Amino acid sequence: MGNLLIVVPARGGSKGVPDKNILDLNGKPLFVHSLDYARRSRLRDSEVLLSTDSAEYADIAESFGYKVPFLRTPSAARDESTDLEFMLDAREKYTTLLNQSFQYFAILRPTSPMRPAGLIEKSLKILEGEPQIDDHLNDFTTTSRLALGEPNAVNVRGRGISLQYEVVRMREPL
């Protein structure tokens with residue numbers, strides 16, 4: 001499998017439910033469950049990132065053993081910011097600050113902490129094995145389909161079927 005950046009986006013400025021991303025769920029902040037899921041995937045050549053604009057959230061992640069190498073830029077952390085904006089922010093920072101690039105990008109939303117095992121791995125197999133199912137979405141080559149015998153197989157945009165996860169193949173490495 002190609003190299004993968006697994007991102008858990010957790011902006012600090014939630015308007016609807018303040019600090020929803022750090023609400024306690026079974027003794028851990030909500031976003032930590034998604035970070036733990038990413039870590040359990042044990043994919044070779046992968047990196048787990050908490051994408052946040054909050055120093056408090058970064059400190060919490062670090063207290064659970066996760067590295068947060070940078071904070072999101074303010075322009076990628078607005079109420080109106082899109083997934084594309086924080087993905088491009090991560091790409092630029094990984095490239096310029098850490099000299100790393102990625103071919104695949106997975107998004108695990110902290111507000112959907114319960115996921116069956118193996119979703120990222122199954123999604124990567126679809127993306128690697130079936131390039132003809134790609135859709136073009138802004139700067140990314142993506143796929144969205146119900147192919148894994150689960151109603152929420154690969155949901156690129158997080159709108160519609162499920163908010164559980166998204167996996168994206170980059171036209172150019174991230």
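## Ser 41, helix H2 and the second largest pocket

Ser 41 lies in the loop between H1 and E4. The model described here is a predicted one. Ser 41 has a relative accessibility of 11% and therefore counts as buried, the cut-off for that class being under 20%. Leaving aside residues up to four places away in sequence, Ser 41 touches Ile 6 and Glu 121.

The setting of this loop is a chain with 4 helices and 8 strands. Read from the N terminus, the order of the elements is β-β-β-α-β-α-α-β-α-β-β-β. Of the 174 residues in the chain, 50% are buried. Among contacts with a separation of 6 or more, 65% are made by residues 24 or more positions apart.

Ser 41 also belongs to the lining of the second largest pocket. Rolling a probe the size of a water molecule over the atoms shows where empty space is left. The volume of the second largest pocket is about 220 Å³. Beside Ser 41, the lining includes Ala 38, Arg 39, Arg 42 and Leu 43. Ser 46, Glu 47 and Val 48 are also lining residues, as are Gly 65, Tyr 66 and Lys 67. H1 and E4 each contribute at least two residues to this lining, and E4 provides the largest share, 3 residues. The composition of the lining by class is set out below.

| Class of lining residue | Number in the second largest pocket |
|---|---|
| Nonpolar | 4 residues |
| Polar | 3 residues |
| Charged | 4 residues |

One of the lining residues, Gly 65, follows helix H2 and has a positive phi, near 90°. Helix H2 itself spans residues 55-63. At the start of H2, the backbone nitrogen of Glu 56 has a side-chain oxygen of Ser 54 within 3.3 Å.

Which residues of H2 are buried? They are Tyr 57, Ala 58, Ile 60 and Ala 61. Viewed down the axis of H2, these buried residues fall within an arc of 160°, so they line one face of the helix. The cover over the buried residues of H2 includes strand E3 (28-29), helix H1 (30-40) and strand E4 (46-51).

H1 and E4 thus recur in this account: the loop between them holds Ser 41, each supplies at least two residues of the lining of the second largest pocket, and both are among the elements that cover the buried residues of H2.

Key
Residues are numbered from 1 along each chain as its sequence is written. This is a predicted model: local features need pLDDT of at least 70, side-chain atom pairs count only at pLDDT 80 or more; totals for chains, interfaces and linings use all residues. Side-chain values use heavy atoms; hydrogens and water are left out. Buried means under 20% relative accessible area, exposed over 50%, partly exposed in between (1.4 Å probe, protein chains only). The arc is that of the directions from the helix axis to the C-beta atoms. Contact means heavy atoms within 4.5 Å. A polar contact is a pair of N or O atoms within 3.5 Å; within protein, one must be able to donate a hydrogen and the other to accept it, and residues adjacent in sequence count only if both atoms are side-chain atoms. On a 1 Å grid over the protein atoms alone, a cavity is a set of points where a 1.4 Å probe fits but cannot get out, and a pocket is an open set with protein on both sides within 12 Å along at least five of seven lines; lining residues have an atom within 4 Å of a point. Grid points are joined across faces, edges and corners, and a volume is the space filled by probe spheres set on the points. Ala, Val, Leu, Ile, Met, Phe, Trp, Tyr, Cys and Pro count as nonpolar, Asp, Glu, Lys and Arg as charged, and the others, Gly among them, as polar.
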